[in-house]
Amino acid sequence: MVGRTIVRCDLRFPTLVRHPEPEVFIDSITGLRIESLGRRGKYILFGLEHQRMLVIHLGMSGELRITEPSQEMAPHTHVTFDLDDGKQLRYRDPRRFGRLLLGTEEELLTSRTFPRLGPEPIDPLFDTTALYQRLRKRRAPLKAVLLDQSTIAGVGNIYADESLHRARLRPDRLAQTLSRKSVVRLQAALRESLELAIRNRGSSVDTYRDAWGETGNQQEELLVYGRAGEPCLNCGRPLSAIRIAGRTTVFCRRCQR
DNA sequence: TTAAATTCCTGTAAGC
DNA sequence: TGCTTACAGGAATTTA
């Protein structure tokens with residue numbers, strides 16, 4: 001997509017655009033060239049001309065696909081962008097938990113429009129001491145803190161459970177009680193879980209498909225997520241399921257003390 | 001300020 | 001078989 005220009009935008013479901021107003025969004029984005037693509041946490045970043053940025057969060061069921069304009073419109077296609085090479089970028093999202101934002105980089109990264117995000121767990125410079133200090137301030141269950149994007153960016157329900165299992169930590173333990181040694185283990189576990197999942201191109205446990213419509217493979221290798229009642233791969237004891245921060249949480253009561 | 005609960009939304013699967 | 005109901009979850013918003 002880099003190098004392409006957006007020549008037309010159609011908001012078939014305008015409320016997915018959270019900033020600015022839909023008419024302004026369309027007017028502003030039309031004619032802009034895409035200069036770069038990036039990611040921050042769970043947000044996809046399109047670097048555009050004139051220091052502008054298009055930000056897309058896929059939510060639970062969002063999909064971005066490049067198609068021929070003549071291709072039949074899949075159900076729940078909410079936004080389309082016509083490109084100058086004749087192709088069309090389509091955003092579809094059955095559950096509509098996703099969102100789109102447009103603004104200057106300055107405006108988006110500093111204002112209330114875009115949430116403040118914690119460090120990237122796969123960043124080689126990810127600071128364990130900083131994480132330890134952040135966790136010490138939190139009286140919430142560790143799992144809840146991992147899901148909080150302002151503490152660590154990009155970790156969702158699947159990889160929170162996977163990381164806690166790898167680190168042999170109870171998800172309902174209060175974050176502030178972790179020793180420095182445990183935080184080092186947790187940090188390594190987060191990195192391993194995410195890097196493995198990236199190598200396997202994601203977990204297609206629900207509707208997830210990559211940009212080419214292909215499923216990932218990580219769902220075959222998940223240690224605990226979605227395996228409640230099944231034997232722990234480490235000790236054989238049936239995995240437990242509890243609810244933390246409104247999310248199903250699967251863990252091993254023997255291995256994660 | 002922080003933590004927990006509620007809300008948004010549709011597809012899917014379980015239960016009767 | 002066909003209907004109803006529960007459940008899945010990211011994150012903004014509301015409540016405590």
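## Inside the core and along the DNA

Let's start in the middle: the largest nonpolar core has 25 residues, and the ones touching the most other members are Leu135, Leu142, Leu146, Leu169, Leu178 and Leu186. Four elements each give two or more residues to this core: α3 (128-136), α4 (142-147), α5 (157-166) and α6 (180-199). Keep in mind that this is a predicted model. Besides the core, we'll look at DNA strand C, which has 14 residues around it.

**The nonpolar cores**

- The top contributor to the largest core is α6, which puts in six residues.
- Take leucine 135: skipping its neighbours within four places in sequence, you'll find it in contact with Leu142, Val145, Thr151, Ala175, Gln176, Leu178, Val183 and Leu186.
- There's another core apart from this one, made of 21 residues, including Val17, Leu64, Phe81 and Leu83.

**Around DNA strand C**

- Of the residues surrounding DNA strand C, the closest are His57, Arg95, Asn157, Arg247 and Thr248.
- If you look at the atoms of DNA strand C that come within 4 Å of the protein, 57% belong to sugar and phosphate.
- The surface near DNA strand C is a mix: five nonpolar residues, four polar ones and five charged ones.

**Polar contacts with the strand**

- Lysine 42 has a polar side-chain atom 3.1 Å from a phosphate oxygen of DNA strand C.
- Arginine 243 also meets a phosphate oxygen of DNA strand C, with a side-chain N or O atom 3.1 Å away.
- Arginine 247 goes for a base instead: an N or O atom of its side chain sits 2.4 Å from a base nitrogen of DNA strand C.

Methods:
Residues are numbered from 1 along each chain as its sequence is written. Chains are lettered from A and ligands numbered from 1 in the order in which they are written. This is a predicted model: local features need pLDDT of at least 70, side-chain atom pairs count only at pLDDT 80 or more; totals for chains, interfaces and linings use all residues. Side-chain values use heavy atoms; hydrogens and water are left out. A residue is near a molecule or strand if one of its heavy atoms lies within 4 Å of it. A polar contact is a pair of N or O atoms within 3.5 Å; within protein, one must be able to donate a hydrogen and the other to accept it, and residues adjacent in sequence count only if both atoms are side-chain atoms. Ala, Val, Leu, Ile, Met, Phe, Trp, Tyr, Cys and Pro count as nonpolar, Asp, Glu, Lys and Arg as charged, and the others, Gly among them, as polar. A nonpolar core is a set of buried Ala, Val, Leu, Ile, Met, Phe, Trp, Tyr and Cys residues joined through side-chain atoms within 4.5 Å. Buried means under 20% relative accessible area, exposed over 50%, partly exposed in between (1.4 Å probe, protein chains only). Contact means heavy atoms within 4.5 Å.
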